[in-house]
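Reader: Hi, I have just opened this one and I don't know my way around yet. Could you walk me through it?

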Amino acid sequence: MELEEFATRVRKSEALVFFTGAGISTESGVPDFRSPGGVWSKYQPVLLQDFLASEAARVQHWQLKKATYELFKTVQPNIGHQAIRDFEQRGQLLGLITQNIDGLHKIAGTSDARLVELHGTDRKVTCLQCGKVYLPKDVYEDWHEHLPTPTCDDCGGYLKSANVSFGQSMPVEAMQRAQRWSEAADVFIVIGSSLQVQPAASFPVIAKRSGALLAIVNRDPTPLDDYADFIYNGAIGEFFGQLKSLTLDA
Ligand code: APR
């Protein structure tokens with residue numbers, strides 16, 4: 001399928017679902033996970049069971065999250081986040097399923113009613129024992145790696161960034177909404193994901209099986225490319241620039 005035909009399908013869509021990964025935020029200066037120089041080339045993922053079992057693992061978690069916190073103070077949404085927000089404002093967005101924890105979709109203006117953060121968010125810190133929510137600045141500004149890792153001032157439980165760590169259960173309500181949107185989409189567009197992580201990467205398959213047109217916009221190949229109806233292997237910013245000229249000027 002050519003870009004022009006795809007743009008026509010997008011323009012006519014009344015149930016657009018976007019599925020985003022870290023690739024949509026790299027043009028805002030947020031590194032993705034698996035590209036060269038990405039997060040996993042510098043840090044090891046901390047599994048939840050290791051986080052609970054060892055202070056050393058908790059220090060590893062907090063070192064990554066403190067570096068992320070400093071970065072997140074300055075980064076801003078880019079044309080990709082803004083384009084998806086604009087589809088919502090035009091009444092075309094059924095839902096946005098994001099794997100990202102950088103909060104940039106919310107900052108761009110996507111409403112909570114149309115947003116599922118499948119992997120939680122680094123924009124909040126929570127107590128694993130009582131669920132109390134903390135603002136990152138109240139936790140990160142005072143923590144340094146030679147200090148004990150943060151605990152809850154109400155119950156003494158371990159504090160952790162509110163992202164879903166490997167080995168942590170997925171948020172049930174978020175998964176249910178993502179499932180409903182994937183089944184109801186008429187056009188399902190993957191943006192900037194290597195589609196390596198389950199269960200997140202099952203939603204494009206559910207959408208396609210439910211009759212949606214499946215599109216994948218990603219610099220590198222993904223495991224679902226042969227299954228998609230439309231593929232764009234290029235920069236996300238360029239893609240949205242071209243899509244905008246094809247869907248708005250017409
Ligand atoms: N334009 C187009 N594609 C891009 C761009 C860009 N500017 N920048 C990055 N990409 C693509 C890369 O080619 C890569 O395939 O985005 C993809 C990002 O893939 P990952 O780094 O694997 O990120 P993601 O798919 O979101 O990872 C899923 O894995 O580590 C966990 O929980 C974490 O949510 C994350 C999940």
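Author: Gladly, and one definition will help from the start: helices and strands here are DSSP runs, a helix having at least four residues and a strand at least two, and they are numbered from the N terminus. Please also keep in mind that this is a predicted model.

Reader: Okay, then where does Phe166 lie?

Author: Phe166 sits in the loop that runs between strand 6 (159-163) and helix 7.

Reader: And is Phe166 buried or exposed?

Author: Neither label fits, because its relative accessibility is 37%, and that makes Phe166 partly exposed.

Reader: How far apart are Phe166 and Ser193?

Author: Along the sequence Phe166 and Ser193 are separated by 27 residues, and in space their C-alpha atoms are 17 Å apart.

Reader: Let's turn to the ligand. Which residues come nearest to the ligand?

Author: The ligand has 23 residues around it, and those that come nearest are Glu27, Arg34, Ser193, Ser194 and Asp220. By type, the shell divides into 7 nonpolar, 11 polar and 5 charged residues.

Reader: Which atoms of Ala22, Asn218 and Ile236 lie by the ligand?

Author: For Ala22 it is a polar backbone atom, 2.8 Å from an oxygen atom of the ligand, while Asn218 places a polar side-chain atom 2.9 Å from a ligand oxygen. Ile236 has a backbone N or O atom 3.0 Å from a nitrogen atom of the ligand.

Reader: How much of the ligand does the protein bury?

Author: The protein buries 94% of the 730 Å² that the ligand exposes when taken alone.

Reader: New topic: which residues have the most contacts inside the largest nonpolar core?

Author: That core has 26 residues, and the ones with the most contacts inside it are Phe19, Ile97, Leu118, Phe188 and Phe203. Several elements supply at least two residues each to this core, including strand 1 (16-20), strand 2 (93-98) and helix 8 (203-209). Another core, of 25 residues, lies apart from it and has Ile24, Ile84, Ala215 and Val217 among its members.

Reader: How many disulfides are there?

Author: A search of the whole structure finds 0 disulfides. Cys127 is in none, and its nearest cysteine sulfur, in Cys155, is 3.4 Å away.

Reader: Why is Cys152 not bonded to Cys130?

Author: Their sulfurs are 3.7 Å apart, and Cys130 holds the closest cysteine sulfur to that of Cys152, so the distance is too far for a bond, given that a disulfide needs the two sulfur atoms within 2.5 Å. Cys152 is buried, with a relative accessible area of 5%, and Cys127 is buried as well, at 3%.

Definitions and conventions. Residues are numbered from 1 along each chain as its sequence is written. This is a predicted model: local features need pLDDT of at least 70, side-chain atom pairs count only at pLDDT 80 or more; totals for chains, interfaces and linings use all residues. Side-chain values use heavy atoms; hydrogens and water are left out. A residue is near a molecule or strand if one of its heavy atoms lies within 4 Å of it. A polar contact is a pair of N or O atoms within 3.5 Å; within protein, one must be able to donate a hydrogen and the other to accept it, and residues adjacent in sequence count only if both atoms are side-chain atoms. Accessible areas come from the Shrake-Rupley method with a 1.4 Å probe; for residues, only the protein chains shown count as cover. Ala, Val, Leu, Ile, Met, Phe, Trp, Tyr, Cys and Pro count as nonpolar, Asp, Glu, Lys and Arg as charged, and the others, Gly among them, as polar. A nonpolar core is a set of buried Ala, Val, Leu, Ile, Met, Phe, Trp, Tyr and Cys residues joined through side-chain atoms within 4.5 Å. Buried means under 20% relative accessible area, exposed over 50%, partly exposed in between (1.4 Å probe, protein chains only).
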